[in-house]
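Me: I would like to go through this structure by question and answer, with the reasoning given each time.

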Amino acid sequence: MATLTCSASDLASFLNTVNDTSSAASYLCSRFDSISKTLSDTSFAVNTTYLLFSAYLVFAMQLGFAMLCAGSVRAKNTMNIMLTNVLDAAAGALSYYLFGFAFAFGSPSNGFIGRHFFGLRDVPSPLTDYSFFLYQWAFAIAAAGITSGSIAERTQFVAYLIYSSFLTGFVYPIVSHWFWSSDGWASPTRPDNLLFGSGVIDFAGSGVVHMVGGIAGLWGALIEGPRIGRFDQSGRSVVLRGHSASLVVLGSFLLWFGWYGFNPGSFLTILKSYGESGGYYGQWSAIGRTAVTTTLAGCTAALTTLFSKRLLVGHWNVIDVCNGLLGGFAAITSGCSVVEPWAAIICGFVAAWVLIGCNKLAEKLKYDDPLEAAQLHGGCGTWGILFTGLFAREAYVGEVYPGRPGRPYGLFMGGGGRLLAAQIIQILVIAGWVTATMGPLFYGLKKINLLRISTDDEMAGMDLTRHGGFAYAYTDEDDSSQKPAFAMRRIEPANVFTPDNQSV
C-alpha cells in the first residue's frame with residue numbers, strides 16, 4: 001500500500017519551474033488515489049465486520065432456541081432436545097456448505113435454483129465473500145431449529161439428522177434463492193421482470209425463515225401425531241407443561257438479543273449514504289430504525305398477550321408472554337426496514353391475536369406442538385408478510401431497494417395492491433413448496449419406522465432410554481420413572497390412549 005504521508009519537501013522539487021506543473025499534478029493525483037484506495041479498503045473492512053458481528057448475533061440465537069426448547073419440554077427429555085439443537089447447527093453447517101449456499105446464492109443462475117459456489121468453490125469473489133456465507137448459514141439453521149420444536153419429545157434421533165440436513169441443504173436454500181438472490185424469480189433486487197413490478201419484500205425472512213420452519217414443523221407434528229397423554233380419551237386437551245419457566249425466559253431474552261443481528265443485520269452493509277454524502281442520514285439510520293421497529297413489535301405483542309390471556313384464562317402466564325414476544329418478532333421480520341415505528345405497534349398487536357387464534361385452532365384439531373412453533377413462526381410469519389404489503393412506506397422502500405422509481409409500496413400507505421399481491425404469492429408458494437418436500441419426507445420416515453420412538457421410550461423419557469441418563473436431578477410430577485416403587489401415586493384417568501389408539 002502506498003504511503004499517505006506528504007511534506008513540503010516532497011512538492012518543492014516539482015515547483016522550481018513552470019514546466020514541472022504536470023509532474024506536480026501527477027504527484028498530487030497519486031496521493032489522492034492512495035487515499036481513495038485506503039478509504040475503499042476501510043469501507044470493505046467496516047462492512048465485513050458489521051456483517052460478521054450480525055452473523056455472530058444470529059448464531060447466538062441457537063443458544064436461545066436451546067434454552068427455550070429445554071424449558072418447554074418435560075425434564076425427562078431435556079438432553080434430547082438440547083442435543084437436537086446442537087445437531088441442527090452441526091449438520092446444517094456441512095449441508096449448507098456443500099449444497100445449500102450454492103442453491104441459494106450461486107450466481108449467475110436461473111430464477112429457480114443457484115448453480116455455483118458448491119463447497120464454497122471460487123469464494124471469495126466479486127459476488128460474495130466468506131462473511132456472507134456465515135451469515136446465511138446462521139439463518140438456515142434457525143429454520144431447522146424452529147422445526148425441531150414442533151416434533152419434540154417423541155421423535156427418533158436419526159429423523160432429526162435426516163430432516164435437518166435436507167431442510168438446510170435443499171428446501172430452505174431454494175426458497176431463499178427465490179426471494180433473496182438477485183436471480184430469484186420473485187426477488188425485489190432482480191434487474192428486470194419484477195413480480196407485479198415489485199418483487200416480494202421479505203427483508204429478513206418472515207416467510208423465508210419463519211414460514212419455512214413453521215410449515216415443516218406443522219407437517220412433522222401432524223404426521224407423527226400428538227404426544228401420549230396430550231389429549232384424553234374424550235378428546236379434551238391435557239396440558240403437558242414444560243419443566244422450567246426460567247429456561248424459557250432465558251431463551252426468549254437470548255432470542256431477543258439475537259434478533260438485532262437478524263433484522264438490522266440483513267442490510268448486510270452499514271457504510272452507505274442516502275442522497276448527498278456527508279449528511280447525518282444514511283443506511284446507518286435505517287439500521288437504527290429497523291432495530292426500533294423490531295423492538296416495538298415484539299414488546300407490543302408481549303403486552304397484548306399478557307392482558308389478553310389474563311382476560312381469557314384468568315391469570316398472568318410468563319410462558320404465554322414469551323411466546324407472544326417471539327410472535328411479534330417473527331411478524332415484523334418481513335417489513336422491519338420499510339415501515340414506520342407506529343406501524344410496528346400495529347404489527348405486534350395483531351400478531352399476538354394471530355398466535356392466540358392459531359393455538360385455539362390447534363387445540364380443536366388435536367394438534368400437538370410442544371413449543372407452539374408452527375403457530376408462532378408459521379402463523380405470525382404469514383401475518384408479517386401480509387403486513388408488509390399493507391404498511392410499507394414509499395420512501396423507505398426506495399431507500400432499501402433503490403434504482404427503480406415508482407416501485408409499489410403498501411396498500412394502506414397509498415401504494416396500490418401490487419406489493420400485497422406479490423406478498424400473497426409468496427405465502428402460497430412457500431406453503432406449497434414446503435408441503436411438497438417436507439411432507440413426503442416425514443411420511444416416508446414414518447413408513448420405515450424412523451420417525452417416532454416407541455411407547456415405552458416416550459413414557460420413560462428419551463434422556464434415560466436414548467442418552468444414558470437424565471440431564472440433572474429433578475422433580476417432575478408427571479413422571480414416575482424415578483420414584484420408588486412403593487411410593488404413593490396420583491390417580492390418573494383410566495384408558496389414556498396413544499396416537500395408535502392403544503391403551504397404556
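The turns below deal with a predicted model, from the whole chain to single residues.

Me: How many helices and strands are there in the chain?
Reply: The model is predicted, and the elements are DSSP runs numbered from the N terminus. The chain has zero strands, and its helices number 15.

Me: What percentage of the residues count as buried?
Reply: A residue is buried when its relative accessible area is under 20%. The chain has 504 residues, and the share of them that counts as buried is 53%.

Me: What share of the exposed area do carbon and sulfur atoms supply?
Reply: The area that the chain exposes is about 21,900 Å². Of this area, carbon and sulfur atoms supply 65%.

Me: Among contacts between residues at least 6 apart in sequence, what percentage join residues at least 24 apart?
Reply: A contact here means heavy atoms within 4.5 Å. Counting those in the chain between residues at least 6 apart, the part that joins residues at least 24 apart is 73%.

Me: Which residue is joined to Pro108 by a cis peptide bond, and which to Pro124?
Reply: Most peptide bonds are trans. Pro108 is in the loop between helix H3 (78-105) and helix H4 (130-150), and Pro124 is also found in the loop between H3 and H4. The cis bond to Pro124, with omega near 5°, comes from Val123. For Pro108, where omega is about -5°, the partner is Ser107.

Me: Is Leu268 buried, partly exposed or exposed?
Reply: Leu268 is found in the loop between helix H7 (245-262) and helix H8 (283-313). Its phi is positive, about 75°, although Leu268 is not a glycine. Because the relative accessibility of Leu268 is 28%, the residue counts as partly exposed.

Me: And is Asn449 buried, partly exposed or exposed?
Reply: Asn449 sits in the loop between helix H13 (418-447) and helix H14 (455-460). Its phi is positive too, near 60°, in a residue other than glycine. The cut-off for exposed is over 50%. Asn449 has a relative accessible area of 63%, so this residue is exposed.

Me: Which residues make the nonpolar surface patch of about 350 Å²?
Reply: Patch residues need over 30% relative accessible area. Phe99, in helix H3, has 41% and is therefore partly exposed. The residues that make the patch of about 350 Å² are Tyr97, Leu98, Phe99 and Phe118.

How values were computed:
Residues numbered from 1 in each chain as written. Predicted model: local features only at pLDDT ≥ 70, side-chain atom pairs only at ≥ 80, totals over all residues. Heavy atoms only, no water. Helix = DSSP H or I, 4+ residues; strand = E, 2+ residues; numbered from the N terminus. Buried < 20%, exposed > 50% of the residue type's maximum accessible area, 1.4 Å probe, protein only. Patch = residues over 30% accessible without salt bridge, like charges linked within 9 Å, V, L, I, M, F, W, Y side chains within 5 Å. Areas by Shrake-Rupley, 256 points an atom, 1.4 Å probe, with all protein chains shown as cover. Salt bridge = Lys/Arg side-chain N within 4 Å of Asp/Glu carboxyl O.
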